[in-house]
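Here's a friendly walk through one protein chain. Have the sequence and the 3D view open as you read.

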Amino acid sequence: MATYDFGLSADEEARARRLHDDSIVIDLLFQGPCGYACFAPATVEQLRERFARTGDASATMRAGILAPIREAVTGASTTFEDCWRASGVTAGNRQIEPGDPRFLELTAGMAQVQFDRLGWLDKALTAADIRGAKAAGRHAGYVSTQLTYGPFRELASLDALHDLGLRMCGLAYNRTNALAVGCTEGPGGLSRLGVAAVERMNELGILVDVSHAGAGTVRDVCAVSQAPAVASHGGAAALHPHDRNLDDALLEAVAATGGVIGVAAVPFFLGAGAGLTIEAMLDHVDHVVAVVGWEHAAIGTDWPMQLPKWALTTLLTEEAAATGFRPEHGLDLDTNLVGFDDYRDWPNITRGLVARGYDDDAVRAIVGGNALRVFEQVWG
């Protein structure tokens with residue numbers, strides 16, 4: 001961990017450490033826990049050789065993301081566990097990317113491997129599972145999808161995935177699909193199927209995530225959903241007018257459902273220019289709090305990706321373009337926030353909230369309590 005200098009006194013540092021250690025910390029959208037610094041040179045070389053042999057950027061990228069997990073479940077390395085424990089994150093999402101419904105069982109089933117094989121990581125189906133993991137000194141993961149690849153075209157897909165553990169579901173990833181319009185494609189909203197999907201998610205207890213959805217989709221979800229919705233990872237458009245960020249009216253709409261807005265640690269979503277620090281992330285937290293109150297603020301870092309630097313610049317650039325990002329979105333894929341360069345820097349978020357003057361109740365709520373409340377309402 002690299003300790004960012006917030007100018008805290010010794011008493012404030014002790015308070016921040018206590019709050020981070022004692023709180024249930026939830027990262028709503030968690031790419032980690034391993035960043036670029038965790039990849040051994042041999043692993044990077046294997047990925048280079050794979051890409052040179054296959055020319056398949058997408059498959060090589062996914063192999064890189066999975067590499068620390070594979071090393072963990074085979075016992076080859078403890079880095080995955082070490083980084084998770086060092087972050088202090090109690091619970092984070094474990095993402096799947098289901099496509100054709102015929103392969104749902106296989107796709108979602110594969111996501112369970114790390115829960116089955118890692119004795120310190122519990123599969124969270126309810127909020128109680130997260131509370132139990134914290135009490136036992138363990139960690140928890142909940143299955144999520146951003147619908148990056150292939151929209152669901154039948155509601156039975158949601159039933160099958162819920163049975164296998166899906167607890168948070170995005171509706172569109174930038175682009176428009178059968179359910180909804182994405183954030184990089186315009187102001188349209190939910191389709192008829194999208195409305196039915198939101199209603200079915202409410203019935204099943206799947207949290208609806210509007211992070212990559214268009215403004216009209218966010219408004220529609222907030223009007224249709226009978227349960228809290230979340231923007232798991234993003235920021236405030238008032239501070240940085242990016243397609244991935246929500247204006248104040250949309251922040252208020254999400255909060256009005258009882259949901260939360262998770263602020264990301266992605267530099268190019270938070271501001272323009274080089275050298276952005278964790279202070280930029282905290283500025284977005286402050287804005288969310290000013291608009292909707294600290295009861296609706298949360299954290300969803302979404303960055304850094306669990307990939308070495310070479311893969312970020314060589315592979316992720318192609319993948320980002322394929323999923324709807326364009327040059328005007330300003331993606332700088334090998335840059336992290338100063339003060340949040342690695343998931344082991346997560347305590348800096350708690351320290352930053354202390355530095356910004358939040359009291360204990362607000363800090364505990366923002367780093368995890370608010371998300372846990374929403375999980376409890378939606379999952380039971």
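Which residues are buried in helix 8 (residues 156-163)? They are S157, L158, A160, L161 and H162. Keep in mind throughout that this is a predicted model. Just past helix 8 you'll meet G165, which takes a positive phi of about 120 degrees.

Something similar turns up after helix 13, where G293 has a positive phi of about 95 degrees. Here are the two glycines side by side:

| Residue | Where | Phi |
|---|---|---|
| G165 | just after helix 8 | about 120 degrees |
| G293 | just after helix 13 | about 95 degrees |

Let's stay with helix 13, which covers residues 278-292. How far apart are its end C-alpha atoms? They sit 21 Å apart, and that agrees with expectation, because 15 residues at 1.5 Å a residue should span 21 Å. A good part of helix 13 is tucked away: its buried residues are I278, A280, M281, L282, H284, V285, H287, V288, V289 and V292. These pack against several neighbours, including helix 11 (248-256), strand 8 (261-263), helix 16 (347-355) and helix 17 (360-379). Helix 12 (267-270) and strand 9 (297-299) are also among their packing partners.

Now zoom out to the largest nonpolar core, which has 77 residues. Helix 13 gives the most to this core, with eight residues. Which residues have the most contacts inside the core? Those are L171, M281 and W346. M281 is worth a click: setting aside neighbours within four places in sequence, M281 is in contact with V263, A264, A265, L270, I299, T301, L337 and I349.

Over in helix 10 (residues 215-224) you'll find C222. Is C222 buried or exposed? With a relative accessible area of 16%, C222 counts as buried, because the cut-off for buried is under 20%. Leaving out neighbours within four places in sequence, C222 is in contact with A253, V254 and T257. F268 is another story: F268 and C222 are 46 residues apart along the chain, and their C-alpha atoms are separated by 26 Å.

Last stop: empty space. The second largest pocket has a volume of about 150 Å³. It is lined by 14 residues, and the closest to its centre are C183, G214, A215, D243 and N245. Sorted by class, the lining of this pocket has seven nonpolar, five polar and two charged residues.

Conventions:
Residues numbered from 1 in each chain as written. Predicted model: local features only at pLDDT ≥ 70, side-chain atom pairs only at ≥ 80, totals over all residues. Heavy atoms only, no water. Helix = DSSP H or I, 4+ residues; strand = E, 2+ residues; numbered from the N terminus. Expected span 1.5 Å × (residues − 1). Buried < 20%, exposed > 50% of the residue type's maximum accessible area, 1.4 Å probe, protein only. Contact = heavy atoms within 4.5 Å. 1 Å grid on protein atoms, 1.4 Å probe; cavity = no way out; pocket = protein on both sides within 12 Å on 5 of 7 lines; lining within 4 Å. Points joined across faces, edges and corners; volume = space filled by probe spheres on them. Nonpolar A, V, L, I, M, F, W, Y, C, P; charged D, E, K, R; others polar. Core = buried A, V, L, I, M, F, W, Y, C linked by side-chain atoms within 4.5 Å.
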